[in-house]
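This report goes through selected features of the structure shown below, moving from helix packing to aromatic pairs and then to cysteines.

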Amino acid sequence: MKKLFTNDKFFLAMTVLGVLGLIVADILLSINYPGSMTSIITRFIAALCLIFLRSSYVKHSKNVMKGLMGALLMAGLLHSLSLTGSIFLTIDKVFVPIIILLSAVLFISHFIINSDHHSKPGYIRLNQVLCALLAVAFLVWNIGWACVSENAVDALASIALALGRIGMYAAVVCVESRLDAYRIEREANGYKAE
């Protein structure tokens with residue numbers, strides 16, 4: 001998985017997937033649920049954070065990247081926790097706790113990775129696995145919801161939201177993987193972190 005998450009084309013694709021998925025979900029959900037502006041604004045801000053994350057990576061602004069990654073992971077965790085108010089189907093009872101747990105572990109792991117200047121390849125692998133598990137959970141859960149949706153707009157919004165969340169988490173893990181690869185290379189050249 002290391003090669004995948006350090007691949008520039010994959011990182012770009014996940015950023016685009018995340019931004020488009022979140023924005024398309026916002027547009028579709030605003031059609032059927034115009035009163036849910038808080039959720040719509042939150043997803044729009046997450047999409048903007050993804051754009052700025054990519055931009056800060058290109059500009060090598062590590063401190064900005066770290067802040068944006070934390071913001072995106074917090075947005076993902078808060079979204080996951082908000083799902084507890086939407087448990088209607090049996091599939092919700094299975095996948096909502098899984099998504100909350102995976103999002104929480106990913107959030108905590110991110111701060112362990114960035115707690116000092118040392119490489120942490122074990123935690124990077126953990127985050128890559130967590131990201132893959134979240135992708136599966138989001139896809140299965142949202143496809144399940146799309147299949148029972150009462151209209152096409154809700155079904156498409158469900159799929160778009162799943163793809164947006166997958167792209168968002170994957171983009172964050174791509175940056176973490178790249179920063180850790182840099183740390184490993186730096187340590188191999190004799191760098192000693194304070």
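## Helix packing, aromatic pairs and cysteines

The buried residues of helix 4 are covered by elements that include helix 3, helix 5 and helix 7 (152-188), in what is a predicted model. Within helix 4, the residues that count as buried are M65, L68, M69, G70, L72, L73, A75, G76, L77, H79 and S80. The length of helix 4 (residues 62-82) agrees with expectation, because its 21 residues at 1.5 Å a residue should span 30 Å and its end C-alpha atoms are 30 Å apart.

Helix 7 is also the place of D180, a residue that is buried, with a relative accessible area of 2%. Leaving aside residues up to four places away in sequence, D180 touches H118, S119, K120, P121 and I124.

A search of the whole structure for aromatic pairs finds five, and two of them, both edge-to-face, are set out in the table.

| Pair | Centre to centre | Angle between planes |
|---|---|---|
| F11 and Y57 | 5.4 Å | 90 degrees |
| F107 and F111 | 5.0 Å | 70 degrees |

Both angles pass the cut-off for edge-to-face, which is over 60 degrees between the planes. The pair of F11 and Y57 ties together parts that are 46 residues apart in sequence, because F11 lies in helix 2 (residues 8-32) and Y57 in helix 3 (residues 37-58). F11 itself is buried, with a relative accessible area of 0%. F107 and F111, by contrast, both lie in helix 5 (residues 90-113), where they are four residues apart, about one turn of the helix. In this pair F107 counts as buried at 16% relative accessibility, whereas F111 is partly exposed, with a relative accessible area of 43%.

What does a search of the whole structure find for disulfides? The number found is zero. C174 illustrates this result: the nearest cysteine sulfur, that of C131, is 7.5 Å away, and C174 is in no disulfide. A disulfide requires the two sulfur atoms to be within 2.5 Å, so the 7.5 Å between the sulfur atoms of C174 and C131 does not meet the cut-off. Is C174 buried or exposed? At 0% relative accessibility, C174 counts as buried, whereas C147 is exposed, with a relative accessible area of 63%.

Notes. Residues are numbered from 1 along each chain as its sequence is written. This is a predicted model: local features need pLDDT of at least 70, side-chain atom pairs count only at pLDDT 80 or more; totals for chains, interfaces and linings use all residues. Side-chain values use heavy atoms; hydrogens and water are left out. Buried means under 20% relative accessible area, exposed over 50%, partly exposed in between (1.4 Å probe, protein chains only). Rings of Phe, Tyr and Trp (its six-membered ring) pair if their centres lie within 6.5 Å; planes under 30 degrees apart count as stacked, over 60 as edge-to-face and the rest as tilted. Helices (H or I, at least four residues) and strands (E, at least two) are DSSP runs, numbered from the N terminus. The expected span of a helix is 1.5 Å times one less than its number of residues. Contact means heavy atoms within 4.5 Å.
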